[in-house]
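Got the viewer open? Let's take a walk through the structure, one selection at a time.

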Amino acid sequence: MIELRGVNKSFAGAQALAPTDLQIEAGRTTVLIGPSGCGKSTLLRLIIGLIRSDSGHVSFEGEELTQSNAMQLRRRMGYVIQDGGLFPHLTAEGNVALMARYLGWDELRVSERLHDLVALTRFPEDGLLRYPAQLSGGQKQRVSLMRALMLDPELLLLDEPLGALDPMVRADLQSDLRTIFQDLGKAVVLVTHDIGEAAYFGDDIVLMRAGTIVQQGAFAELMDHPADPFVTQFINAQRRPSLEGGIA
Amino acid sequence: MNLFSVRLSSTIRSVLSLLFVILSSFSTTAFAQSPLKVGSKKFTESVVLGEVIVQLAQSTGTPAEHLQEMGGTRILWNALLEGEIDIYPEYTGTIAQEILSGEKVDDVESMRHALAKRDILVSAPLGFNNTYAIGMREEVAARLGIEKISDLRVHPELRFGFSNEFMDRADGWPGLRERYGLPHEDAKGLDHDLAYRALEGNSLDAMDLYSTDAEIRYYGLRVLVDDLGYFPEYKVLLLYRADLETRFSVALAALKRLEGQVPATEMVAMNARAKLDKVPSGQVAADFLRAKFNTAVDYKEKTLITRLIERTGEHMVLVGLSLLAAILLAVPLGVASARYPNLGQLVLGAVGIIQTIPALALLVLMIPLLGIGAPAAIAALFLYSLLPIVRNTHAGLRDISVQVRESAEALGLPDGARLRQIELPLAARSILAGIKTSAVINVGFATLGALIAAGGYGQPILTGIRLDDTGLILEGALPAALLALVVQGAFELVERLLVPKGLRIEPEGETR
């Protein structure tokens with residue numbers, strides 16, 4: 001699905017991501033996790049081409065991501081960010097259907113797709129005509145998710161999608177999201193700094209530190225066969241005080 | 001389909017067509033045939049003489065227009081050389097001292113010769129000599145038997161008060177005193193208007209004045225004869241382009257009838273009627289021509305409504321065209337500046353520098369490039385309008401959050417579509433605020449356009465200042481203020497149309 005070979009990135013001379021290889025499999029949820037500044041968001045942004053790798057290659061379904069095809073390839077990926085990134089001047093529907101309408105879908109097709117997505121994300125149908133300023137945090141994220149899924153992408157990328165939500169909403173959306181991921185059977189890459197969330201969603205967990213991947217594998221593997229003392233340290237640091245907002 | 005871009009383009013289209021209508025009606029009335037273009041300087045006597053020239057030309061069936069109160073000597077002279085005007089009244093002293101200052105012209109013949117080399121011709125003097133003079137109250141002068149300046153020698157007790165300029169100039173009081181051997185030691189320097197009052201109140205006996213000042217009639221003054229010929233001659237005559245002899249031969253022949261026909265007393269009377277009695281200068285000129293030549297001049301003062309409509313039209317053309325041009329350039333500049341920060345610094349710096357040029361200086365700077373009149377004023381207004389629009393467009397686009405910008409990019413929306421559908425609508429409020437600022441500033445600034453004969457509400461303000469007529473000043477100032485309010489209101493309506501609804505609602509808090 002996605003293959004990264006030797007991708008790396010520096011910002012103003014500071015290395016954000018060391019040369020890194022990574023494979024993302026179709027039908028699986030991969031979670032990128034690590035402390036802030038570890039390069040997990042950078043990795044995600046490299047995949048969707050919002051930033052360009054200093055060297056190395058990103059390929060999507062065997063096609064190398066370049067400046068010229070980035071626009072086309074992005075339309076086959078969905079992208080959700082922390083506070084939704086919704087366009088405040090458009091209604092929920094306007095946000096979700098923007099790209100489809102730009103591509104010239106007829107209104108029947110648009111409304112059918114909207115209907116499906118509303119059901120999938122459990123978003124109130126009458127909320128479609130509301131503006132982002134009139135929606136709650138959880139609703140915004142559902143709209144953002146619908147927007148990402150509108151063109152039925154092969155890959156779904158989420159950058160801390162639950163980060164800005166209060167615990168109740170968060171738990172609600174968490175379980176919905178997992179159901180959605182399972183129903184869709186798409187490749188999903190999710191960035192979080194919460195080990196509970198990683199364990200909950202991730203078929204594969206990619207633990208990162210200071211721009212490098214420390215260990216990659218299932219949660220049990222990280223627990224039982226840590227590749228580095230940091231792995232255990234990271235897992236325990238979050239488990240010890242409480243499980244607030246964590247594992248459901 | 002995007003509602004914003006539809007509304008924007010239809011709004012622009014309707015504004016454009018409206019401007020076109022205004023402009024075409026403006027141009028057909030003003031520029032259809034090429035009339036005789038008469039200029040005048042920024043003081044009453046020149047304006048009255050300008051009217052006399054216009055009406056006399058018109059009485060021969062020649063179309064003529066008056067570009068009144070264009071400014072000072074330099075502006076009029078250059079406009080004459082450039083052909084922006086065909087003829088204007090000028091003074092011999094000014095020609096010798098200012099226009100031909102580098103050349104030795106000590107008599108009329110050498111002046112005629114020097115001007116002819118520039119394809120400019122002069123008429124014979126019209127009569128009066130508007131130079132410095134010494135004036136006294138008629139009754140005092142009569143009682144003492146003083147008729148000429150040399151008579152003052154035997155009256156050392158008389159108290160003199162002179163304007164500060166006259167006191168200081170070598171060719172003013174010091175030279176006068178020396179030439180005539182006057183015994184008076186303690187001449188006072190004081191404000192010209194105060195001197196008239198002091199003379200009237202008997203605390204002064206003699207003062208300097210211009211020999212055709214309106215106040216001479218008002219205060220009943222006697223102008224003393226300069227019997228030693230001390231003061232330079234400032235005889236008025238007509239300065240005109242040589243091609244007038246072929247282009248307007250009939251009108252020119254009629255105008256030549258003015259030679260020697262305007263004595264000082266009549267000029268004083270005309271100045272007094274225009275300046276003190278507030279009779280419109282056109283009326284004063286018409287009455288003069290009727291009395292002098294029995295010319296049936298069909299002069300009608302325009303009604304207030306006609307004047308207002310005309311000036312509103314002129315003013316809106318100045319503001320509308322300059323603003324439209326500024327929008328068309330400044331919005332793209334602002335977009336480019338937001339996209340390319342290096343270019344942005346350059347652009348914002350440049351338009352900022354333009355803004356620091358004083359408005360008046362900017363107007364004057366445009367004259368060599370575009371001449372006198374509306375185009376120069378529009379260009380200056382256009383330059384002045386750039387900064388608020390560029391800066392607000394730039395700021396509006398830069399203020400869009402990274403998340404929103406990247407979300408649009410991540411969707412796979414191409415550059416142009418991102419700009420049209422996301423970035424411009426989100427910056428709409430800021431851009432409109434910039435345009436509104438420019439528009440309101442323009443309405444005020446455009447009144448200065450009258451200084452370079454661009455018309456508009458500035459014209460009555462200028463005339464009102466010249467005549468010290470508050471009513472006339474208000475006739476320009478009030479509509480200008482009103483127009484500014486209307487413009488402001490109009491933009492608030494446009495804002496309601498163009499700023500997307502989603503940006504106008506307040507967040508409702510955490511509803512679920």
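Before the first click, one bit of vocabulary: two residues are in contact here if their C-beta atoms, placed from the backbone, lie within 7 Å. Keep in mind, too, that this is a predicted model.

**Stop 1: two helices in chain A.** Select α5(A), then add helix α6 (residues 167-184) of chain A. The two pack at an angle of about 25°, and their axes are 9 Å apart. Angles under 35 degrees count as roughly parallel, so α5(A) and α6(A) are roughly parallel to each other. Their crossing is right-handed. Now show side chains: Gly137(A), Gly138(A) and Gln141(A) come from α5(A), and they meet Val169(A), Asp172(A) and Leu173(A) of α6(A). Sorted by class, this contact of α5(A) with α6(A) has two nonpolar, three polar and one charged residues.

**Stop 2: the sheet in chain A.** Next, pick out the strands in the order β6-β7-β8-β3-β9-β10 (chain A): these six form an open sheet with mixed pairing. Which strands stand at the edges? They are β6 (77-80) and β10 (212-217) of chain A; each has a single partner strand, so one side of each is left without a neighbour in the sheet. Turn the view and follow the twist, which averages 15° from one strand to the next.

Zoom in on strand β3 (residues 29-33) and strand β8 (residues 187-192) of chain A, which run parallel and are joined by five bridges. Click Leu32(A), and you'll find its bridge partner, Val191(A), in β8(A). Then add helix α1 (residues 40-47) of chain A, which packs on the sheet and touches β3, β7 (155-159), β8 and β9 (204-209) of chain A. The direction of α1 makes about 150° with that of β8(A).

**Stop 3: where the chains meet.** Show both chains. The contact takes 24 residues from chain A and 25 residues from chain B. On the chain A side, the elements giving two or more residues are α2 (70-74), α3 (92-102) and α5 (137-149). Which one gives the most? That's α3(A), with three residues. By class, this side of chain A has 14 nonpolar, seven polar and three charged residues.

**Stop 4: inside chain B.** Colour chain B by domain: domain 1 (3-23 + 303-504), domain 2 (34-128 + 234-293) and domain 3 (132-223). The C-alpha centres of domains 2 and 3 of chain B lie 29 Å apart. Their contact takes 10 residues from domain 2 and seven residues from domain 3. Finish on helix α13 (residues 264-275) of chain B, which gives the most to the domain 2 side, with seven residues.

How values were computed:
Residues are numbered from 1 along each chain as its sequence is written. Chains are lettered from A and ligands numbered from 1 in the order in which they are written. This is a predicted model: local features need pLDDT of at least 70, side-chain atom pairs count only at pLDDT 80 or more; totals for chains, interfaces and linings use all residues. Helices (H or I, at least four residues) and strands (E, at least two) are DSSP runs, numbered from the N terminus. Ala, Val, Leu, Ile, Met, Phe, Trp, Tyr, Cys and Pro count as nonpolar, Asp, Glu, Lys and Arg as charged, and the others, Gly among them, as polar. Two strands pair if DSSP finds at least two bridges between them. Axes are lines fitted to C-alpha atoms, for helices over the stretch in contact, and angles run from 0 to 180 degrees between N-to-C directions. Domain bounds come from an automatic or database domain assignment. Angles under 35 degrees count as roughly parallel, over 145 as roughly antiparallel, 65 to 115 as roughly perpendicular and the rest as oblique. A crossing is left-handed if the near helix is turned anticlockwise from the far one by less than a right angle, and right-handed if clockwise.
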